[in-house]
Amino acid sequence: MSTIDIVDLSSDDESEDLNVKAVKLEPGIVGGRVQQKEIKPQLVKLQTSKTQYRRQESEENRSSNALSTGQSNSSILDQGQSPLDDTSLSSSSPICPAPLCRQFWKAGSYDDGLGSKVSIQNGKSYLHVHPMFLHSNATSHKWAFGAVAELLDNAVDEIQNGATFVIVDKITNPKDGNPALLIQDDGGGMNPEAMRRCMSFGFSDKKSKSAIGQYGNGFKTSTMRLGADVIVFSRHLNNRILTQSIGLLSYTFLSRTGHDRIVVPMVDYQFNTSTGTLEILHGKEHFMSNLSMLLQWSPYSSEADLLKEFDDIGAHGTKVIIYNLWFNDDGNMELDFLSDPEDIRSSGETKKIGTLKAWKAINEQHIAHQYQYSLRVYLSILYLRLPESFNIILRGRVVEPHIIANDLKFPEFILYRPQCGGCVEGEVLTTIGFLKEAPQISFHGFNVYHKNRLILPFWQVVSYLDSRGRGVVGVLEANFIEPTHNKQDFERTSLFQKLEGRLKEMTWEYWDYHCGLIGYQVKKKPRVSETPQILSHSTPHSGKQHPVTLNKSPPAIGSVKAAIERAERSIPNSQRRSEQGLCVKRKGHDDLIEVEKAKRQAVEVVPLDISGSQLKDPEAVNLLLENKKLRLKCLEYVKREEQLNLKVTHLKTEVEEVQREHERMMAELELMNKVKDEKNV
């Protein structure tokens, strides 16, 4: 009897019998070929535009570490004797097997009856990856939403391969009726070899510098964190070769059968364009053995049910279905699908917010609080920018991106260049300001992105008990430091520690200069920075702030306006204008640096200019604040107008040059026509 192949995430050449239970297969389904009516039109359609969806060349090239697709014995595929003699199989049980323990943090106990072992064959030692590693590896995700985000990263990385959407939704397990989680995209999909790499540890095809994933571990940690089992369907097209692959990573299967290594049943098909049918790959014996395990441990009872899952994938793409979802310590499912039909919420009690009763509602509804419990809110801030052609669809409704920087008032733009050993290691521009709801809002912190992906949301570099910093929020993209494997934190390197210290200083300095704008005052004047591009590197003073009362005056607001005007007029025009033709990310950044420096100096020297009667009128104070804000916006618009005028002048010059060239060419054409006519005569 010939050998069978199932993906073994640990060993190579060993031969060992597998504990596989044979189940009946429906007749007429498996016989070497499977009829697929829907695929041929899709293939014909795609052949005209296959280059649009072609995967990166690096994925198609076989490297020295490439995994076997089942044809070779020297691969990660486990070899064993097939226990099957039947020609047709189907699942004999209508109930989907469940893990021994449904609570994630208690599901790590595992008894295989044998214990981990090292096999020696032909004088070589092979180390196995024990199934317990699936669970222990997944504990790196303390937060279920972080695991969902990891799966979305894979879809976002597929944008370069033509992906236009990723779907996150709840579906029903057809065997037991329990909820399951669906993640589906229309990216390039995976061929059989790529599917095996996806199911293995440490293999990654992502060579692009902009790719979010890079360790080859995220799929395993995220899926196993959300549920005990996951089944993957993927369709891939390249060079007119269309393949379909199905793989099952099941902690339930491994634990209940007592395996001492991780094995993954997989089946592969290839579309035959001449016959219009799907043909099984790697031999009938291998195919039927893996199909037997798939039908026994997956939510599907027949091969026809498995193939039906490809109907809504389209010409190419990947569908991930996670089932036997984990429960929390209270015995409730971690993912709450019932509270909101258009959202997925985190079950359990919400954190209490310590604030005034009148401000409690606004704090509870703020995005800084809601992202911890609402997947829709979290996904809205997960990526700094996404192409307009790409959508995240959560439970049937598109997730609208939310730009945190747009929620800030009195924003500052601060450039920071971290150094290590005297060399500049990177450059990051931080947008910092007060939340629009300040001072009623108590949240603060920095939203730190890495390669467009949110790693630390509302990271509190300043203690929550420190009143200096409440309501101060920043946004930055730090690509010079590396995130941890779960993408929920950064590696604690010296550069990260320097960034943390700088952001702490930045928070205090911003507060000291601007807290008066939201109704606080500083007893001591802050020190002026000597470096114009960033705020002071020195540690700010420890002056205390107190809320403004009716009998006390806040810092200068009304008279600051006039001082700012004088400071702005004192800046030379040569410094106000950007270089011609220069397009920068932050409009007029150099000008803003000078203006902000002058504003800080003005705040220090201008005396208080609000009388008690004015202070008693909240409307007057609000008008003064709004006036200052509008003047700053007006200054930006004026500079933008100057840049546009320069661009218009440049374009007019180019148009005139083109017109002159056109006239010259027309004159030459007319002259050539005359010469041609004379020759004809």
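In which strand does Thr-243 lie? Select Thr-243 to begin: this residue belongs to strand β9 (residues 241-250). Helices (H or I, at least four residues) and strands (E, at least two) are DSSP runs, numbered from the N terminus.

The structure is a predicted model, in which local features need pLDDT of at least 70 and side-chain atom pairs count only at pLDDT 80 or more, while totals for chains, interfaces and linings use all residues. Residues are numbered from 1 along each chain as its sequence is written, and side-chain values use heavy atoms, with hydrogens and water left out.

**Around Thr-243**

Thr-243 counts as buried because its relative accessibility is 5%. Buried means under 20% relative accessible area, exposed over 50%, and partly exposed in between (1.4 Å probe, protein chains only). Next, add Asn-191 to the selection: 52 residues separate Asn-191 from Thr-243 in sequence, yet their C-alpha atoms are 6.1 Å apart. Beyond neighbours within four places in sequence, Thr-243 has contacts (heavy atoms within 4.5 Å) that include Met-190, Asn-191, His-236 and Tyr-269.

**The nonpolar core**

Now select Leu-181 and Ile-231. Of the 131 residues in the largest nonpolar core, these two touch the most other members. Helix α4 (residues 144-157) gives the most to this core, with nine residues. Such a core is a set of buried Ala, Val, Leu, Ile, Met, Phe, Trp, Tyr and Cys residues joined through side-chain atoms within 4.5 Å. Leaving aside neighbours within four places in sequence, the residues in contact with Leu-181 include Val-148, Leu-226, Ile-322 and Phe-337.

**Salt bridges**

A salt bridge places a side-chain nitrogen of Lys or Arg within 4 Å of a carboxyl oxygen of Asp or Glu; the whole structure has 19 of them. Display Arg-453 and Asp-153, whose side chains meet in one at 3.0 Å, N to O. This pair links distant parts of the chain, 300 residues apart: Arg-453 is in strand β23 (residues 453-459) and Asp-153 in helix α4. Both Arg-453 and Asp-153 are buried.

Move on to Arg-196 and Asp-268, which form a salt bridge with their closest N and O atoms 3.0 Å apart. Arg-196 is in helix α5 (residues 192-199) and Asp-268 in strand β11 (residues 266-272), so the pair ties together parts that are 72 residues apart in sequence. Arg-196 and Asp-268 are both buried.

Helix α6 (residues 218-226) comes next: nine of its nine residues are buried. Within α6, Arg-225 forms a salt bridge with Glu-334, at 2.8 Å between the closest N and O atoms. Glu-334 sits in the loop between β13 (317-325) and β14 (335-336), 109 residues from Arg-225.

**Two helical stretches**

Select residues 494-514 to show helix α13. At 1.5 Å a residue, its 21 residues should span 30 Å (1.5 Å times one less than the number of residues), which agrees with the 30 Å between its end C-alpha atoms. In α13, 15 of the 21 residues are buried.

Then select residues 641-675, listed by UniProt in an unreviewed entry as "coiled-coil region". The span is 100% helix and 0% strand, with end C-alpha atoms 51 Å apart.

**Confidence**

Finally, colour the chain by pLDDT, the predictor's confidence in each residue, from 0 to 100. The chain has a mean pLDDT of 75, and 66% of its residues reach 70 or more. Over residues 1-5 the pLDDT is below 50, and over residues 114-125 it stays under 50.

How values were computed
UniProt positions renumbered as here; feature names shortened; annotations may be inferred.
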